[in-house]
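Open the model in your viewer and keep the selection box ready. This tour goes stop by stop.

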Amino acid sequence: MTDTPLDSAPRGLARIDRAGLLPGLALTGGLALVALGLHRALGIPALSPLVLAMVMGMAIRNGIGPVPLAAPGIAFSLKRLLRLAIVLLGVQLTLGQLAAVGPVGLGIVAVTLCSTFLFTKAMARLLGVERRLGELIAAGTSVCGASAVLACNTVTRGSDEDVAYAIACVTVFGSAAMLSFPLIGTALHLTPQAYGLWAGASIHEVAQVVGASFALGDAAGQAGTVAKLSRVILLAPLILALARVGRWRGHAPADGAAPMPWFVVGFLAMVGVNSVLDLPEAAQHGLALTASFLLTVALAAMGLETDIRKLRQKGLRPLLLGAAASVFVAGLALALVVLL
């Protein structure tokens, strides 16, 4: 991502100058609240608050230009609050959900995720898509859409435009899958469990999986949701693997420091706590809402840092990569579900 005043300032100064964060936090938080309100009012699953917040941020950035006064708070939202949101996502998951998918279902999810990620990376090289952007599209397609793009970029370190382009890809093709899967599942006469597993193992965003799987009944919806959540848990080992590969290949930051995805440990800890302790439903709901809000704040910050002119310069090849990856993940997951 591009450097910001918060990145370049000494750590101690960044901690002390809390007042300097307020304008940016007010801006990103306000955009997040508007996006959440619009999402609730419109009731369109494809228009997630994450995407709405990013689009509004991009409109401000490219309509009136950068907002220097807000820069520290924007950077804080995009880095610190994003990591906190990812940690809090763990409270929505349990190890029992992995068991509920069953060994065959979990195997399908894992094989589909790994194969899609590697296929997309290979296709990126063939199409001439830059490594970082290809890696982000691979993460978003194989794991869980925008959240995976944001999380993986903490170690991939692509530009803001790379992140925005990758999120656009998973939004467009994930929405197409959400609309087309019920028609395909009905035509193929898939059982509710098989259809739900297929949707959960291959559609990008959690909201898109819920929309597609519940379209064919509660049984399919529950199977799809559990399969998708088990896929989200695999985000943690993927980030750790990317961090290790990045160090091995010398893709660490210029100062030589290796990326330390501490938030992944926090994410796994939250999964463990939620698996062992019976947290009150109100507490789980509150933490889930907090995680959703913080992710939306981070996407608003991302939009405020994104230059549309740089997006256009990337051309159509990344879009073709997103399409190829989406077709691959859907086809492979369906084949495995039918065969196994």
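**Start at Leu-240.** Select Leu-240, which sits in helix α12 (residues 235-248). Is Leu-240 buried, partly exposed or exposed? Its relative accessibility is 37%, so Leu-240 counts as partly exposed: the value falls between the cut-offs of 20% and 50%. Now add Val-155 to the selection. Val-155 and Leu-240 are 85 residues apart along the chain, yet their C-alpha atoms are separated by 8.7 Å.

**Colour by confidence.** Remember that this is a predicted model. Its mean pLDDT is 86, and 91% of the residues reach 70 or more. Which element has the highest mean pLDDT, and which the lowest? Helix α16 (residues 317-339) has the highest, at 96, and helix α1 (residues 5-8) the lowest, at 41. Select residues 1-16 next: pLDDT is below 50 over this stretch, which has 21 contacts in the model beyond near neighbours in sequence. Then select residues 253-260. Here too pLDDT is below 50, and the stretch has eleven contacts beyond near neighbours in sequence.

**Move to the nonpolar cores.** In soluble globular proteins, nonpolar side chains tend to be buried together. Select Cys-152, Leu-235 and Ile-239. Within the largest nonpolar core, which has 73 residues, these three touch the most other members. Which helix gives this core its largest share? Show helix α7 (residues 131-156): it supplies 14 residues. Another core, of 21 residues, lies apart from it. To find that one, select Val-109, Leu-197, Trp-198 and Ala-330, which are among its members.

**Follow helix α8.** Select residues 160-187. This helix has 28 residues, and at 1.5 Å a residue it should span 40 Å. Put a distance between its end C-alpha atoms: they are 40 Å apart, in agreement with the expected span. Now zoom in on Ser-180. Helix α8 has a kink of about 40 degrees there, shortly before the proline Pro-182. Step on to His-189, which follows α8 and has a positive phi, near 55 degrees.

**Finish with the salt bridges.** Side chains of opposite charge can pair when their charged atoms come close. How many salt bridges does the structure hold? There are five. Visit these pairs in turn.

- Select Lys-121 and Glu-135. Their side chains meet in a salt bridge, 2.9 Å from N to O. Lys-121 lies in helix α6 (residues 95-127) and Glu-135 in helix α7, so the pair ties together parts 14 residues apart in sequence. Both Lys-121 and Glu-135 are buried. Add Arg-131 to the view: Lys-121, Arg-131 and Glu-135 are linked in a network of salt bridges.
- Select Glu-130 and Arg-132. Here the N to O distance of the salt bridge is 3.4 Å. Glu-130 is partly exposed, with a relative accessible area of 38%. Arg-132 is partly exposed as well, at 30%.
- Select Lys-314 and Asp-162. Their side chains form a salt bridge of 2.8 Å, N to O. This pair links distant parts of the chain, 152 residues apart: Lys-314 is in the loop between α15 (308-313) and α16, and Asp-162 is in helix α8. Is Asp-162 buried or exposed? Asp-162 has 5% relative accessibility, so it counts as buried. Its partner Lys-314 is partly exposed, with a relative accessible area of 28%.

Technical notes
Residues are numbered from 1 along each chain as its sequence is written. This is a predicted model: local features need pLDDT of at least 70, side-chain atom pairs count only at pLDDT 80 or more; totals for chains, interfaces and linings use all residues. Side-chain values use heavy atoms; hydrogens and water are left out. pLDDT is the predictor's confidence in each residue, from 0 to 100. Helices (H or I, at least four residues) and strands (E, at least two) are DSSP runs, numbered from the N terminus. Contact means heavy atoms within 4.5 Å. Buried means under 20% relative accessible area, exposed over 50%, partly exposed in between (1.4 Å probe, protein chains only). A nonpolar core is a set of buried Ala, Val, Leu, Ile, Met, Phe, Trp, Tyr and Cys residues joined through side-chain atoms within 4.5 Å. The expected span of a helix is 1.5 Å times one less than its number of residues. The bend at a residue is the angle between axes fitted to the seven residues ending there and the seven starting there. A salt bridge is a side-chain nitrogen of Lys or Arg within 4 Å of a carboxyl oxygen of Asp or Glu.
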